Amino acid sequence: MVKKEKNTEKEEEQKNDSPHESDAAAADDENSDKEEQEEAEALPLYKATRFKGYFILTLASTIHWKTSMDILKFAHTSGIPILQDTIGDEVEEFKEDPSSFELEETKGIELQNIETLTGQAETAVVQGMISMVLAALLVLIHLDSFTPLKTLWRNTVFKSKSKIEFLIILFFCIWWIVACIIETQATGIAGSEKVHYNLYFSVWICLLISIWTLERWCVASGLKSIKGHLSSWPNRSPGWIGILLFSSLSMIAISDVVARIGHIDEKAFQWGLLFSTIPFTIAPAIFFVLVELFRATRENHKHIKSSCETVFEGICLLVLVLMWIPTVIVATTPGGAADNVSNAYFFLWLTVLFLMDTAVWWIHDWRERVRLLILEEQKKYQKIQREIMKHTREVAEQEEEMNRAAQAGSRRDRFFSFDSITSR
């Protein structure tokens with residue numbers, strides 16, 4: 001009894017002390033969360049995912065800058081012999097006042113091409129150098145672990161959800177978008193007319209890495225990434241968005257080639273095929289994207305497609321696949337309209353890849369829908385089968401009961417008939 005009283009007293013004391021203990025536990029949890037946050041902030045910056053982006057951007061910008069410098073040197077060294085062959089030793093005077101000299105038509109065209117190449121190379125050098133210096137500086141800042149400014153970098157400039165870092169990454173994205181537009185156009189320094197592959201791929205790598213770094217910043221800041229946002233769209237909307245994007249870029253690239261280079265008469269069939277296939281692809285892509293965008297209603301909050309729309313989508317995909325396969329083969333093989341390493345070449349193939357992927361996606365969903373219909377019909381059949389078996393079982397039980405009742409009645413009749421005989 002004494003032990004029980006002591007235990008009850010201890011339980012009452014624990015109950016009385018429990019609010020204070022819960023407060024203390026909550027405080028401990030808050031302190032532990034703060035400690036974990038401080039430990040996360042105390043991690044070195046080079047372990048952040050954005051550091052990979054800055055490092056790769058530094059390498060790609062360096063390749064871009066070095067290639068541009070080589071092209072610029074080539075332009076300078078190839079322009080001087082042309083001038084010396086044309087005007088002799090009066091090169092300096094020609095540079096000061098070119099209008100005072102009369103040149104042959106071929107020499108003038110060569111000098112004009114060299115002058116254009118020189119200006120493009122100088123622009124590319126500036127673009128690569130600024131990106132290289134800024135990205136290298138960011139890499140050094142992320143590797144900083146001994147200077148007095150390391151806490152400033154970690155807790156202010158490059159902390160989670162830092163707007164300063166966001167603006168830096170956004171600058172890289174805009175910078176390389178402009179560089180891609182200037183350098184990779186048809187007559188640009190990395191266009192289809194010039195075989196500068198290192199420059200072409202380095203400028204695109206810089207742009208893609210800048211976008212990837214921006215996406216990593218969004219993920220680290222708790223925001224939805226570009227991939228997550230696209231994958232959140234219902235049904236096959238991500239595929240149609242990709243088709244719309246790359247078919248539009250293909251249209252822009254093909255139009256740029258025609259406007260700046262020409263040669264339409266030489267490949268009239270190919271240009272006609274491209275200018276008929278691409279708009280025919282953009283129209284249904286816009287339609288299906290807008291349909292999914294405005295589908296969310298009170299009656300159809302799950303974005304369920306009707307059977308007619310699904311069949312129409314499948315027909316569109318089938319027709320587009322049959323149109324694009326010969327188009328891309330004709331346009332990108334040697335002698336085609338987009339046979340060189342250029343924007344048109346890659347955008348056409350990316351359009352085909354997204355189109356094929358969306359078509360396979362539709363087939364997969366169609367087979368899944370057929371499988372569900374078969375399962376539903378099987379369930380209905382099994383339900384009807386169970387009902388029939390239940391009904392037959394009930395009928396058999398009723399017949400059995402009737403037979404038992406009939407047998408019992410016949411026995412009773414024989415019994416009463418025997419009693420009547422014996423009583424007589």
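Buried means under 20% relative accessible area, exposed over 50% and partly exposed in between, with a 1.4 Å probe and protein chains only. This is a predicted model, in which local features need pLDDT of at least 70, side-chain atom pairs count only at pLDDT 80 or more, and totals for chains, interfaces and linings use all residues. Residues are numbered from 1 along each chain as its sequence is written, and side-chain values use heavy atoms, with hydrogens and water left out.

**Exercise 1. State which elements the protein contains and what share of its residues is buried.**

Step 1. Helices (H or I, at least four residues) and strands (E, at least two) are DSSP runs, numbered from the N terminus. The protein has 12 helices and 0 strands.

Step 2. Of its 424 residues, 33% count as buried.

**Exercise 2. Classify the ring pair of Trp204 and Phe347, and place both residues in the chain.**

Step 1. Rings of Phe, Tyr and Trp (its six-membered ring) pair if their centres lie within 6.5 Å; planes under 30 degrees apart count as stacked, over 60 as edge-to-face and the rest as tilted. The structure holds 16 aromatic pairs.

Step 2. For Trp204 and Phe347 the centres are 6.0 Å apart and the planes stand at 90 degrees, an edge-to-face pair.

Step 3. Trp204 lies in helix 7 (residues 197-220) and Phe347 in helix 12 (residues 343-423), 143 residues apart, and the pair links these distant parts of the chain.

Step 4. Trp204 counts as partly exposed because its relative accessibility is 22%. Phe347 has a relative accessible area of 10%, so Phe347 is buried.

**Exercise 3. Classify the ring pair of Phe246 and Phe347.**

Step 1. The ring centres of Phe246 and Phe347 are 6.4 Å apart and the planes are at 45 degrees, so this pair is tilted.

Step 2. Phe246 belongs to helix 9 (residues 237-260) and Phe347 to helix 12, with their positions 101 residues apart, and the pair links distant parts of the chain.

Step 3. Phe246 and Phe347 are both buried.

**Exercise 4. Describe how helix 6 packs on helix 7.**

Step 1. Axes are lines fitted to C-alpha atoms, for helices over the stretch in contact, and angles run from 0 to 180 degrees between N-to-C directions. Helix 6 (residues 163-183) and helix 7 have axes 9 Å apart, at an angle of about 155 degrees.

Step 2. Angles under 35 degrees count as roughly parallel, over 145 as roughly antiparallel, 65 to 115 as roughly perpendicular and the rest as oblique. Helix 6 is therefore roughly antiparallel to helix 7.

Step 3. Contact means heavy atoms within 4.5 Å. Among the residues that meet are Phe172 and Trp176 in helix 6 and Trp204 and Leu207 in helix 7.
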